[in-house]
Amino acid sequence: MANIKSAEKRARQTVKRRARNMAGRSKLRTAIKSVVNAVEAGDKETAVAKLKAAGPIIDSAVNKGLIHRNKASRHKSALNARVKELSVG
């Protein structure tokens, strides 16, 4: 346990920040999984809708510093490719 007042405050801030980051990361993963599940189910309309909803969530994670912009780009590209493959195949 922290003995110094500033260290105690830092510990409180860290708990809040961690909770916020975990919630954001969970939201991001859920959005990605929802697109993947729709693609695996073969439901094109749902997959397109979920992809459209996942884009802003991924971008939001970048702006909040949860993930790097290259990782976000990689996720969006991969999801888009899977949805596109569903419509072609």
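Is E8 buried, exposed or partly exposed? We'll get to that in the first of these close-ups, which all come from a predicted model.

**Figure 1. A look at E8 in helix 1.**
E8 sits in helix 1. Its relative accessible area comes out at 30%, so E8 is partly exposed: that label goes to residues between the buried limit of under 20% and the exposed limit of over 50%. Leaving aside residues up to four places away in sequence, E8 touches A2 and N3.

**Figure 2. Helix 1 from end to end.**
Helix 1 covers residues 5-41. Count 1.5 Å a residue and its 37 residues should span 54 Å; the end C-alpha atoms are 54 Å apart, which agrees. Now look for the residues tucked away in this helix: L28, A31, I32, V35, V36, A38 and V39 are buried. An α-helix has 3.6 residues a turn, so residues three or four places apart point the same way. What covers the buried residues of helix 1 includes helix 2 and helix 3. Just after the helix comes G42, with a positive phi near 80°.

**Figure 3. Helix 2 and its buried residues.**
Helix 2 runs over residues 44-63. It has 20 residues and reaches 29 Å from its first C-alpha to its last, close to the 28 Å expected at 1.5 Å a residue. Here the buried residues are A47, L51, A54, G55, I58 and A61. They pack against helix 1 and helix 3. Helix 2 is followed by another glycine with a positive phi, G65, again near 80°.

**Figure 4. Inside the largest nonpolar core.**
This core has 17 residues, and the ones touching the most other members are L28, I32, V35, I58, I67, L79 and V83. Helix 1, helix 2 and helix 3 (69-88) each supply at least two residues of the core. Which helix gives the most? That's helix 1, with seven residues. Zoom in on I67 and you'll find it touching L28, I58, A61, V62 and A72, not counting residues up to four places away in sequence.

**Figure 5. The largest pocket and its lining.**
Rolling a probe the size of a water molecule over the atoms shows where empty space is left. In the largest pocket, that space is about 190 Å³. Around it you can pick out R20, N21, G24, K27, I57, S60, A61, K64 and L66. The elements giving two or more residues to this lining are helix 1 and helix 2, and helix 1 gives the most, with four. What kinds of residues make up the lining? It's an even mix: three nonpolar, three polar and three charged.

**Figure 6. K64, out in a loop.**
You've already met K64 in the pocket lining. This residue is found in the loop between helix 2 and helix 3. K64 has 62% relative accessibility, so it counts as exposed, the cut-off being over 50%. Try comparing its position with that of S6: the two are 58 residues apart along the chain, and their C-alpha atoms are separated by 25 Å.

**Figure 7. A78 on helix 3.**
A78 is found in helix 3. Its relative accessible area is 40%, so A78 is partly exposed. Now look across to L51, one of the buried residues of helix 2. A78 and L51 lie 27 residues apart along the chain, with 11 Å between their C-alpha atoms.

Notes. Residues numbered from 1 in each chain as written. Predicted model: local features only at pLDDT ≥ 70, side-chain atom pairs only at ≥ 80, totals over all residues. Heavy atoms only, no water. 1 Å grid on protein atoms, 1.4 Å probe; cavity = no way out; pocket = protein on both sides within 12 Å on 5 of 7 lines; lining within 4 Å. Points joined across faces, edges and corners; volume = space filled by probe spheres on them. Nonpolar A, V, L, I, M, F, W, Y, C, P; charged D, E, K, R; others polar. Core = buried A, V, L, I, M, F, W, Y, C linked by side-chain atoms within 4.5 Å. Buried < 20%, exposed > 50% of the residue type's maximum accessible area, 1.4 Å probe, protein only. Contact = heavy atoms within 4.5 Å. Expected span 1.5 Å × (residues − 1).
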